[in-house]
Amino acid sequence: MTRTLGAIHRQPHQVAHAPVTRRQALMSALAFSWLNPHAWLDTAVLIGTASLAYGQGSTTFGLGAAAGSLLWFLSLGVAAFWLGRRLNSLHVWRALDAGVALMMWGAVVWLSFSLV
């Protein structure tokens, strides 16, 4: 280990990895979620503006949007957990790529028909 201008430089074989605790991982995830200005702007501007079209039903719209968001992110977490060890397989990556390609081509077809 050498010191240069206050920085510590380690040799490649001396890399230290401190294990991440569950609390550290949870706090990082919460910080990325709650301190993300993009998420706040999306919530306030996009969802808030879209809810104006529902008038008296804007509360129901907001609750539905929150429920949909919760379901979406829980599904992403479950999928990431389930795929975690399986992502070492080339077969899984090809299937994942095929699914993304199908969704993209579906969006192209849907948008093409909506232009007509």
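Visitor: How much space lies in the largest pocket?

Guide: In this predicted model, the largest pocket holds about 670 Å³ of space. Its lining is made up of 14 residues, and those closest to its centre are S33, A39, T43, S69 and F73.

Visitor: Which helices each supply at least two residues of that lining?

Guide: Helices α1 (22-34), α2 and α3 (58-83) each do so. The largest share comes from α2, with 5 residues of the lining.

Visitor: Let me step back to the whole chain. How many helices and strands does the secondary structure come to?

Guide: There are 4 helices and 2 strands. If you start at the N terminus and read along, the order of the elements is β-β-α-α-α-α. The chain has 116 residues, and 3% of them are buried.

Visitor: Back to α2, then. What span should its 15 residues have?

Guide: The idea is to count 1.5 Å for each step from one residue to the next. For the 15 residues of α2 this gives 21 Å, and the C-alpha atoms at its ends are 20 Å apart, so the two values agree. You can try the same check on α4 (residues 90-115): its 26 residues should span 38 Å, and the end C-alpha atoms lie 37 Å apart, which agrees as well.

Visitor: What happens at the start of each of these two helices?

Guide: Look for a side-chain oxygen that reaches towards a backbone nitrogen. At the start of α2, such an oxygen belongs to N36, and it comes to within 3.0 Å of the backbone nitrogen of H38. At the start of α4, a side-chain oxygen of S89 comes to within 3.2 Å of the backbone nitrogen of H91.

Visitor: Is S51 buried or exposed?

Guide: The relative accessible area of S51 is 12%, and a residue under 20% counts as buried, so S51 is buried. You will find S51 in helix α2 (residues 37-51). Its side chain reaches the backbone oxygen of G48 at 2.7 Å. Leaving aside neighbours within four places in sequence, S51 is in contact with S58 and F61.

Visitor: How many aromatic pairs does a search of the whole structure find?

Guide: The search finds 2. One of them joins W34 and W40: the ring centres are 5.9 Å apart and the planes stand at 50 degrees, so this pair is tilted. The other kind of arrangement is seen in Y54 and F61, a stacked pair with 4.9 Å from centre to centre and 20 degrees between the planes.

Visitor: What describes a pair of aromatic rings?

Guide: The distance of the centres and the angle of the planes describe it.

Visitor: And how exposed are W34, W40 and F61?

Guide: Take them one at a time. W34 has a relative accessible area of 55% and is exposed. For W40 the value is 46%, which means that W40 is partly exposed. F61, the partner of Y54, is partly exposed too, with a relative accessible area of 23%.

Conventions: Residues are numbered from 1 along each chain as its sequence is written. This is a predicted model: local features need pLDDT of at least 70, side-chain atom pairs count only at pLDDT 80 or more; totals for chains, interfaces and linings use all residues. Side-chain values use heavy atoms; hydrogens and water are left out. A polar contact is a pair of N or O atoms within 3.5 Å; within protein, one must be able to donate a hydrogen and the other to accept it, and residues adjacent in sequence count only if both atoms are side-chain atoms. Rings of Phe, Tyr and Trp (its six-membered ring) pair if their centres lie within 6.5 Å; planes under 30 degrees apart count as stacked, over 60 as edge-to-face and the rest as tilted. Buried means under 20% relative accessible area, exposed over 50%, partly exposed in between (1.4 Å probe, protein chains only). Contact means heavy atoms within 4.5 Å. On a 1 Å grid over the protein atoms alone, a cavity is a set of points where a 1.4 Å probe fits but cannot get out, and a pocket is an open set with protein on both sides within 12 Å along at least five of seven lines; lining residues have an atom within 4 Å of a point. Grid points are joined across faces, edges and corners, and a volume is the space filled by probe spheres set on the points.
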